[in-house]
Number of protein chains: 4
Amino acid sequence: MAGSSFGTLFRISTFGESHGGAVGVVLDGAPPGLEISEADIQKELDRRKPGQSSVTTPRKEPDMVHILSGVFEGKTTGTPMLMILYNKDAQPSAYNDIKEMFRPGHADYTYLKKYGIRDYRGSGRASGRETAGRVAAGAVARKLLEQRGVRILAYTSRAAGIACEQVVPEEIENNPMRACDPAAAAKMVSRIEMLAEEGDSVGGIIECRVNGLPAGLGEPVFDKLEADLAKGMLSLGAVKGFEIGLGFGAVDLKGSEHNDAMSADGFVTNNAGGVIGGITTGEELVFRVAVKPTSSISKAQKTVDKNGAEREIRTEGRHDPCICPRLVPVIEAMACLVIEDHYKRLEAQGV
Amino acid sequence: MAGSSFGTLFRISTFGESHGGAVGVVLDGAPPGLEISEADIQKELDRRKPGQSSVTTPRKEPDMVHILSGVFEGKTTGTPMLMILYNKDAQPSAYNDIKEMFRPGHADYTYLKKYGIRDYRGSGRASGRETAGRVAAGAVARKLLEQRGVRILAYTSRAAGIACEQVVPEEIENNPMRACDPAAAAKMVSRIEMLAEEGDSVGGIIECRVNGLPAGLGEPVFDKLEADLAKGMLSLGAVKGFEIGLGFGAVDLKGSEHNDAMSADGFVTNNAGGVIGGITTGEELVFRVAVKPTSSISKAQKTVDKNGAEREIRTEGRHDPCICPRLVPVIEAMACLVIEDHYKRLEAQGV
Amino acid sequence: MAGSSFGTLFRISTFGESHGGAVGVVLDGAPPGLEISEADIQKELDRRKPGQSSVTTPRKEPDMVHILSGVFEGKTTGTPMLMILYNKDAQPSAYNDIKEMFRPGHADYTYLKKYGIRDYRGSGRASGRETAGRVAAGAVARKLLEQRGVRILAYTSRAAGIACEQVVPEEIENNPMRACDPAAAAKMVSRIEMLAEEGDSVGGIIECRVNGLPAGLGEPVFDKLEADLAKGMLSLGAVKGFEIGLGFGAVDLKGSEHNDAMSADGFVTNNAGGVIGGITTGEELVFRVAVKPTSSISKAQKTVDKNGAEREIRTEGRHDPCICPRLVPVIEAMACLVIEDHYKRLEAQGV
Amino acid sequence: MAGSSFGTLFRISTFGESHGGAVGVVLDGAPPGLEISEADIQKELDRRKPGQSSVTTPRKEPDMVHILSGVFEGKTTGTPMLMILYNKDAQPSAYNDIKEMFRPGHADYTYLKKYGIRDYRGSGRASGRETAGRVAAGAVARKLLEQRGVRILAYTSRAAGIACEQVVPEEIENNPMRACDPAAAAKMVSRIEMLAEEGDSVGGIIECRVNGLPAGLGEPVFDKLEADLAKGMLSLGAVKGFEIGLGFGAVDLKGSEHNDAMSADGFVTNNAGGVIGGITTGEELVFRVAVKPTSSISKAQKTVDKNGAEREIRTEGRHDPCICPRLVPVIEAMACLVIEDHYKRLEAQGV
């Protein structure tokens, strides 16, 4: 109830603060007998880790994952998997200046109001570092989904005001933006480097496509597949919006334009984005999330301290001028977690 | 796990198909001692019921609610409240023609794929009529929130391609669109009547504003207030998108533009829409949902029957050319349910 | 969280007070395609209903069940089943004398302390009548278990100080005690009639045996099959103890006596009662519950009223001098609910 | 759903196998601002650890707990607490002989049947070592309960066939049995040493008393306080029975004997054991659990191997001839977890 668990049958509980002893996850619900190694997990964590390029923070964190339970002789046993990343790069002193002040855009103020106490070191529990646990568990889900023939692909489709004009899947991991259009990616990088120079940041849109899903996956009413995806996405601190299929682009259409007709070959269009009434149609699942500009900027900003006195703050340190490239694997991980959970729920349905 | 329950401490389970015996809700978690009557519930249900105007379906359903448990001598006892609406206007024969065909935009095909069986009468469980149970429970939540000093207000902010240009709260219930701008509402009505004439439909955007919330409400990580709101909203069949604060409008901004600075008087701006890191800031909570055009239209559409043969279908009958006005009270109800649940969670936190 | 739901994947939520509008249950998680009728449900409810013999209350309640959702053309659709029993035999005036007093052994005092308000009519929510909802849902579970080849059989093994000396399954429904030994049953009846004459009551032990379970059913750690059974049983107001296998009879044994050896033909003994470490062995599942004497007696008892003044009370009215016979089908229903839920969990495990 | 979590608002998830990397717990739901140290936790773990006396296993495990998240500057922050104990005394080779055989009384066979794979090293996940995580989280609950004025005390009341004849609280920690009667304890020890000599083991009864509870704690219907306690107790591998108040001792009583009368000074007796209808009466909470004889014995036993061939097995190694003394702190921990969870639920109730 305290908010750190997600999923029903494939269920994770994350723990950890950015500068405490460790971050990580307990995954309860992996099936027994799955071959899995720390390398399988590490591969996905490496896509999320800092220090990958000029558009990500230069911080260096090895972010090595350790599987301490639930795996025996290279296979899952069906018992909870503890996946842990010890914190190494702790420089708590670097946070002394923000100890007394609320950084604009950060959860400093809201956590203090909620809890009356705050681990001010690097955003504490609200740090993006918490998502490492999600990515670790997501890597297990991804492996299961691959065995089911499901492919999950996310990418930056817009950033710094520049939109991708094509989707070239094989180019996504070849550019620092993880954008789906290399030409757009180059423009994004140059604009973001300029913003970073100014001590500023910018947001973007990440699109995710899932192929290989059958028709009939998802629950009705409250636990619609798109509802669980929306929750998973909005549970990421940087995400401010979610849409599926045409999303906000559907609102001005007529029913006769938006409804996906069916022919003997299946659906003629896929405006719905792969789900109707919470349940998959068998078409490609397509959704997008709105990513806000990174809150940490070195430009001077107006704020107050704990006593309400007005202050000026510069969030010095090592921050991501655009979080989209590092958020792409997190979006994929969350999608994997939601979808694998719904597969398990379908298997429990009985027919 | 089967998807028909929502909330953690203020928890509802809805039941019922559009043409079965009844629809309704069991609410477990209402506090004892709350004065509540069927009239309190009915008032909200009447805002959702069909037959209100030229832009809603002319179907007539009295939709009278009965409270069969959990209330004694006019007050809640703390035990589950069963609120039930018996189905009256059943014309199952009217659905004989769709028994064998999948209506475009409807969950006919996906339910059959999931369950292998389908109650084809008026969408069965996937009917919008299921939301009556949500509205009934939402009316209890609303009463509790009013006692906490919280005010929830939703309205159509765009429909049929026409955007409201101002927000005039006292005009919302005075126009058939429940739009926040009476001039825009008039244009919407005339355009929608024209579309209805053509046998077509259209979508829109509903905006919701919540005032009176304290700072510090909401859970961190997965159960962020905005994540639970997103899930609640996407759990409505007609909703295809959700955004909070600036939402998709934030993606092109710079951090220095988007971050909400603080002064001695509090937040200077409210781009975040009232939440940071899942927890309220104490500013107005503002979110929007994308509403797709109603799937039921009388225009001819291409589809297939259960055997995969191509057919033409016209969803005759009595449908809403734009569901926004009837969805407004449902959006409010879902917001009430999410927020009251989070109040209870905050009370359980202990400090 | 408010306590009226049970199960994870085969999940029920009961509602209703003994003298409100109705009692019943919402069952979410029944598979689609199961043939089920009100008669299937009624058969089990009739075993629980009052007025069956001289050792049960003479109250007459038709207790007719109505299935108002989740079933279409005689089959489950996979959506929530609302099963409801309207209250008929309400004589609230009969409860005026207990309105101000706490009946010894009843939850009158504890409910008032918890909620600050109390529906005093016939125990309200704490009434045994609440279990009708459990029995209704249990009947659905039983039908599913029968299809799996599982047989559940409970019976009174001790009552009024008289122990059964043999287990004759086919005699259980032929005696008013639902005892497994007809000779013992006759003695029980005569002793209980005498106690009823004195205005008193008595308790007993109910034993339950489940056959046809495979090895490997149940979850480890907290959700052990026996743990869920224990919870289900202790959730019945009259139950004060639970034991599985030898239970309390195991405490004086040596390990070499208690451990169940294995041979090529399987387990040699079944002291464990069919579960080890929370998971079935494939042997017969055997457990027992301790049933307290009925709290409602017409003998004079000392109590206090709401103001703390000492009073004398006689719970006049129509009560069960021994609840065992009517509790037998409830114990079976709870066992069915727990076991069917664990089957679904096993199916969701994946291998 | 996979069984490794317990509690609703004060919720724990344990992880770990006896010979994997670590065992421990994630506790989500501790309030912020509680002063807590590793020493507070260690104190309780030391009561559970092996090697305490002649009646416990001579194995030496330092069992040092590390708090890796959720605590900042000596106080809880309201975020998940990871408490971890690294495994040190691993001698997996010692388990080679049981790799192929099923030890009688152990979950070897049932786990293999359930999962198709088994971590055979020292019972893996089914090891009693899993309870270290429960004790760690229980220590946090205990600290909170102490602040509420609640005292939890468990002790061995019977072992090796010897019953305690008095309850002397201050002697419990002064004898190796943690028995409540020092004279009985001496007899228990001498009988158990003799059994250990023979390579055998024995069981017992643990009684638990909780003082300082208010009237009105607990939920009705399924989540009765005694139901949650029963589940918690039966979730311990060695526990085969649970009773509250007079328990099985109530079954032969008459209602007029068993009902607890009330006077102006409160309840006259406490046969109910502190709860009626799932909710506390304000009297002392009293329950007992039946503990089976330790399954691991060095006497020869008949069993089969994975291929079904008959074999003889001696569970050599270092085992507890009677687990009661080490189970006492685990019973207390589970009681603390259940009760603290119900306090939080009561606080969430609202009045």
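Biologist: In which sense do strand β11 of chain A and strand β11 of chain B pair, and over how many bridges?
Modeller: In this predicted model, the two strands concerned cover residues 239-244 of chain A and residues 239-244 of chain B. Within that pairing, Phe242(A) stands opposite Phe242(B) in β11(B). The sense of the pairing is antiparallel, and the number of bridges is 3.

Biologist: What relation links chain A to chain B, given that one can be laid on the other by a turn and a shift along the axis?
Modeller: The superposition of chain A on chain B takes a turn of 180 degrees with a shift of 0.0 Å along the axis, and it leaves an RMSD of 0.0 Å. The same surface serves both copies, since 100% of the contact residues of chain A recur in chain B. A turn of 180 degrees with a shift of 0.0 Å is therefore the relation of a two-fold axis.

Biologist: Which element gives the largest share of the side of chain A that touches chain B?
Modeller: The contact involves 92 residues of chain A and 92 residues of chain B. By class, the side belonging to chain A holds 38 nonpolar, 32 polar and 22 charged residues. The largest share of this side is 6 residues, and these come from residues 225-234 of chain A, that is, from helix α5.

Biologist: Which element gives the most to the side of chain B that touches chain C?
Modeller: Here 35 residues of chain B are in contact with 34 residues of chain C, and the chain B side divides into 13 nonpolar, 16 polar and 6 charged residues. The elements giving two or more residues to that side are β2 (11-16) and β3 (22-28) of chain B. With 4 residues, the one that gives the most is β2(B).

Biologist: Which residue in the turn of the hairpin formed by β17(D) and β18(D) has a positive phi?
Modeller: Strand β17 (residues 301-304) and strand β18 (residues 310-313) of chain D run antiparallel and are joined by 4 bridges, with Val304(D) having Glu310(D) as its bridge partner. Between the two strands lie 5 residues, and the one in the turn with a positive phi, of about 90 degrees, is Gly308(D).

Biologist: What radius of gyration does chain A have, and how does that value bear on its compactness?
Modeller: Chain A comprises 7 helices and 18 strands, and buried residues make up 68% of its 351 residues. For 351 residues the globule rule gives 20 Å, and the value for chain A is close to this, so the chain is as compact as a globular protein of that length, with a radius of gyration of 21 Å.

Technical notes. Residues numbered from 1 in each chain as written. Chains lettered and ligands numbered in written order. Predicted model: local features only at pLDDT ≥ 70, side-chain atom pairs only at ≥ 80, totals over all residues. Contact = placed C-beta atoms within 7 Å. Nonpolar A, V, L, I, M, F, W, Y, C, P; charged D, E, K, R; others polar. Pairing = 2+ DSSP bridges. Least-squares fit on C-alpha atoms with pLDDT ≥ 70 in both. Rg over C-alpha atoms; globule rule 2.2 N^0.38 Å. Buried ≥ 20, exposed ≤ 12 C-beta atoms within 10 Å, placed from the backbone.
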